[in-house]
Amino acid sequence: MFCGVWLFTFVDLSVMYHFLRGQAVVKLYIMFNMLEVADRLCSSFGQDILESLFWTASPPKEKRLRQLGIIPQIVVTLFYVMVHSMVVLIQITTLNIAMNSQNRALLIILLSNNFVEIKGSVFKKFEKKNLYQISCSDIRERFQFIVLLLMVIIRNMTELGWKMDNFVACLPDAFLIIVSEIVVDWTKHAFITKFNEIPMTVYQDYTYSLAYDFATSQLENDVSIRY
């Protein structure tokens with residue numbers, strides 16, 4: 001982690017911001033969609049990479065890994081952290097451009113992009129297990145948007161000054177993005193549950209399942225951590 005932070009001290013955020021801001025709106029829109037796909041791929045691979053590093057660094061005594069060692073794992077993990085961090089950093093910069101630009105076209109396009117999720121989900125067959133995966137994905141996506149918006153607000157206040165007026169100026173766009181995400185998720189789940197005849201009580205079961213997974217993940221001998 002410290003190596004990744006040290007390497008990112010050589011990245012000039014101002015140069016990146018002005019370079020991306022000089023691009024056309026269509027290019028930024030396509031880039032933002034590509035970054036979303038790249039972020040999901042990195043998240044999927046990253047979980048396996050980090051678990052593999054943890055397993056290599058602290059394996060059970062009776063099952064020590066001797067083939068690869070820990071050095072290659074550290075190199076692969078550091079490369080993954082750099083790539084994924086750069087993807088998230090470009091996402092934050094693109095979102096910052098959309099919120100600060102006088103031309104609201106990019107922000108409107110990014111907001112309308114959320115409604116594409118409804119088109120890809122309604123009128124399709126879903127089982128409870130599939131709906132559970134969609135719910136977990138929506139939770140992660142909503143949390144990620146909140147973190148990205150928080151980073152954008154911190155970045156803007158760092159440049160403009162830590163004043164309440166600057167903070168209040170950032171709230172309308174951030175609120176609009178979060179509300180649009182919530183409305184799209186609610187509409188999507190409403191259609192899925194209606195056309196697949198899934199009772200609303202299934203979300204309570206999902207809550208119990210997530211709470212159980214979180215509780216068991218803290219156990220010392222949990223399979224996903226130790227093995």
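Start by selecting arginine 40, which counts as partly exposed because its relative accessibility is 43%, a value that falls between the 20% and 50% limits set for that class. Keep in mind from this first stop onward that the model is predicted. Add glutamate 141 to the selection: the two side chains meet in a salt bridge, with 3.8 Å from N to O. The pair links distant parts of the chain, since arginine 40 belongs to helix α3 and glutamate 141 to helix α7, 101 residues apart. The partners are not covered to an equal degree, for glutamate 141 counts as buried at 6% relative accessibility, whereas arginine 40 is partly exposed at 43%.

Stay with this pair and show the empty space beside it. Which residues line the largest cavity? Select Phe32, Glu36, Asp39, Arg40, Gln91, Arg140, Glu141, Gln144, Phe145 and Leu148, and you have its lining. The elements that give two or more residues to this lining are α3 (25–57) and α7, and α7 gives the most, with 5 residues. The space inside the largest cavity comes to about 110 Å³, and the count of cavities of 30 Å³ or more is 2.

Leu148 offers a passage to the next stop, for besides lining the largest cavity this residue is also listed for the second largest pocket. That pocket holds about 480 Å³ of space. Of the 18 residues that line the second largest pocket, those closest to its centre are Val88, Leu89, Ile92, Leu148 and Met151. Colour the helices by element here, and look for α2 (13–21), α3, α4 (70–100) and α7, which are the elements that give two or more residues to the lining of this pocket.

Met151 now leads outward, to a nonpolar surface patch. Select Phe143, Val147, Leu150, Met151, Ile154 and Trp162, which together make a patch of about 620 Å². Tryptophan 162 sits in the loop between α7 (128–160) and α8 (164–195), and with a relative accessibility of 59% this tryptophan counts as exposed.

Follow the chain past that loop into α8 and select aspartate 185. Is aspartate 185 buried or exposed? At 1% relative accessibility, this residue counts as buried. Aspartate 185 forms a salt bridge with arginine 142, in which the closest N and O atoms are 3.0 Å apart. Because aspartate 185 lies in helix α8 and arginine 142 in helix α7, the pair ties together parts that are 43 residues apart in sequence. Arginine 142 counts as partly exposed, at 26% relative accessibility.

Now bring lysine 188 into view, whose side chain meets that of aspartate 185 in a further salt bridge, at 3.9 Å from N to O. Aspartate 185 and lysine 188 are 3 residues apart in helix α8, and so are separated by about one helical turn; both are buried. If you extend the selection to Asp138, you have the whole group of Asp138, Arg142, Asp185 and Lys188, which are linked in a network of salt bridges. The count of salt bridges comes to 5.

Continue along α8 to the aromatic residues. The count of aromatic pairs is 3. Phenylalanine 191 and phenylalanine 195 have ring centres 5.9 Å apart and planes at 5°, so the pair is stacked, the cut-off for stacking being an angle under 30 degrees. The two phenylalanines are 4 residues apart in helix α8, and so are separated by about one helical turn. Phenylalanine 191 counts as partly exposed at 30% relative accessibility, and phenylalanine 195 is also partly exposed, with a relative accessible area of 41%. For another aromatic group, select Tyr132, Tyr203 and Tyr206, which form one aromatic cluster.

Finally, clear the selections and return to a view of the whole chain. There are 10 helices and 0 strands, so the cartoon shows helices as its elements from the N terminus on, in the order α-α-α-α-α-α-α-α-α-α. Colouring by relative accessibility completes the tour: of the 227 residues of the chain, 35% count as buried, among them glutamate 141 and aspartate 185.

Note on methods: Residues are numbered from 1 along each chain as its sequence is written. This is a predicted model: local features need pLDDT of at least 70, side-chain atom pairs count only at pLDDT 80 or more; totals for chains, interfaces and linings use all residues. Side-chain values use heavy atoms; hydrogens and water are left out. Patches are made of residues with over 30% relative accessible area and no salt bridge: like charges are joined within 9 Å, nonpolar side chains (Val, Leu, Ile, Met, Phe, Trp, Tyr) within 5 Å. Accessible areas come from the Shrake-Rupley method with a 1.4 Å probe; for residues, only the protein chains shown count as cover. A salt bridge is a side-chain nitrogen of Lys or Arg within 4 Å of a carboxyl oxygen of Asp or Glu. Buried means under 20% relative accessible area, exposed over 50%, partly exposed in between (1.4 Å probe, protein chains only). Rings of Phe, Tyr and Trp (its six-membered ring) pair if their centres lie within 6.5 Å; planes under 30 degrees apart count as stacked, over 60 as edge-to-face and the rest as tilted. On a 1 Å grid over the protein atoms alone, a cavity is a set of points where a 1.4 Å probe fits but cannot get out, and a pocket is an open set with protein on both sides within 12 Å along at least five of seven lines; lining residues have an atom within 4 Å of a point. Grid points are joined across faces, edges and corners, and a volume is the space filled by probe spheres set on the points.
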